[in-house]
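Please find below my notes on the model, set out as numbered points. They follow the chain elements outward from one helix.

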Amino acid sequence: MLRLTSQDDEAGETYRDSGLEAAVVTESLLIRRRPPRSSAMTLLHSQGLPALDITDEHLEHFFFTGSDGSPTGLVGIELHGADGLLRSLIVAESTRTRGIGSALVQHVEGYAAAHQVSALYLLTTTAEDFFERRGYRRVDRSLSPPRIKSTREFAQLCPANSAFMTKRLPR
Ligand SMILES: CC(C)(COP(=O)(O)OP(=O)(O)OC[C@H]1O[C@@H](n2cnc3c(N)ncnc32)[C@H](O)[C@@H]1OP(=O)(O)O)[C@@H](O)C(=O)NCCC(=O)NCCS
């Protein structure tokens, strides 16, 4: 059983603290907000994920597992009104298939819902199946809401052949 715990948000409220069924892993997984910039960049660069556009403002809505200096996992969300762009999901190779990626996705979905996001969008060239198994479906890029279309990740950084996926969040 992997137990997911969350750092309190700015208002001092925990937006999600739930159990997550996953075999084998027994340690508690602490997900913290605002990763150190240099550590986040190092992890993203290690897998060639887009990082050029990431500002300190973006990092306000990024989450990580592991230590400040050596995070094991990372995920971010850009909030655009009722739409959210899930981005920068990565788990260090040495800690994959232990449930960290799933926990980060679950966590950021809860964070988005708490911020009145009703639909999440993402672009991926490497993890379409992973997201499909977590309720995301591929849609044509032309169906993207304008606010998502105008993000740098969508407009400039992700290759044109990336899968564009979406998931509606429960209200
Ligand atoms: C995609 C990625 C984030 C997944 O991270 P992860 O930590 O390995 O993810 P999980 O461990 O939660 O899930 C991976 C698989 O391991 C399985 N798994 C999870 N916990 C497990 C455990 N304790 N024992 C055995 N298997 C387990 C999951 O069931 C899952 O399989 P499924 O997709 O068939 O359901 C990771 O592979 C990665 O960083 N890839 C490169 C970057 C990338 O592609 N990012 C996406 C761009 S948006």
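**Notes on the predicted model**

1. Glutamine 116 comes after helix 3 and has a positive phi, near 65 degrees. The model is a predicted one, and the angle should be read as a computed value.

2. Helix 3 (100–114) has 15 residues, which at 1.5 Å a residue should span 21 Å. The C-alpha atoms at its ends are 21 Å apart, so the expected span and the model agree.

3. Which residues of helix 3 are buried? They are Ile100, Gly101, Ala103, Leu104, Val105, His107, Val108, Glu109, Tyr111 and Ala112. Among them are a glutamate, Glu109, and a histidine, His107.

4. The largest nonpolar core has 35 residues, of which Phe63, Leu74, Val75, Leu86, Leu104, Val108 and Leu122 touch the most other members. The elements that give two or more residues to this core are strand 3 (28–33), helix 1 (37–46), strand 4 (62–66), strand 5 (71–80), strand 6, helix 3, strand 7 and strand 9 (163–168). Helix 3 contributes the most, with 7 residues.

5. Strand 5 is largely enclosed by the rest of the structure, because 7 of its 10 residues are buried. Leucine 74 has contacts with Pro35, Ala40, Leu43, Phe62, Phe64, Ser88 and Ile90, leaving aside residues up to four places away in sequence.

6. Strand 5 pairs with strand 4 in the antiparallel sense over 5 bridges. A hairpin of 4 residues links strand 4 to strand 5. Within this pairing, phenylalanine 62 stands opposite glycine 76 of strand 5.

7. Strand 5 also runs antiparallel to strand 6, and 7 bridges join the two. Here glutamate 78 is opposite leucine 85 of strand 6. The hairpin between strand 5 and strand 6 has 2 residues between the strands, and glycine 81 in the turn has a positive phi of about 65 degrees.

8. How many residues surround the ligand? There are 21, and the closest are Arg96, Gly99, Gly101, Ser102 and Thr126. Strand 6 (83–91), helix 3 (100–114) and strand 7 (119–124) are the elements that give two or more residues to this shell. By class, the shell holds 11 nonpolar, 7 polar and 3 charged residues.

9. Two of these points meet in helix 3. Helix 3 gives two or more residues to the shell around the ligand, and helix 3 also gives the most to the largest nonpolar core. Gly101 is one of the residues closest to the ligand and is buried in helix 3.

Technical notes. Residues numbered from 1 in each chain as written. Predicted model: local features only at pLDDT ≥ 70, side-chain atom pairs only at ≥ 80, totals over all residues. Near = placed C-beta within 6 Å. Nonpolar A, V, L, I, M, F, W, Y, C, P; charged D, E, K, R; others polar. Core = buried A, V, L, I, M, F, W, Y, C linked by C-beta atoms within 7 Å. Buried ≥ 20, exposed ≤ 12 C-beta atoms within 10 Å, placed from the backbone. Contact = placed C-beta atoms within 7 Å. Pairing = 2+ DSSP bridges. Expected span 1.5 Å × (residues − 1).
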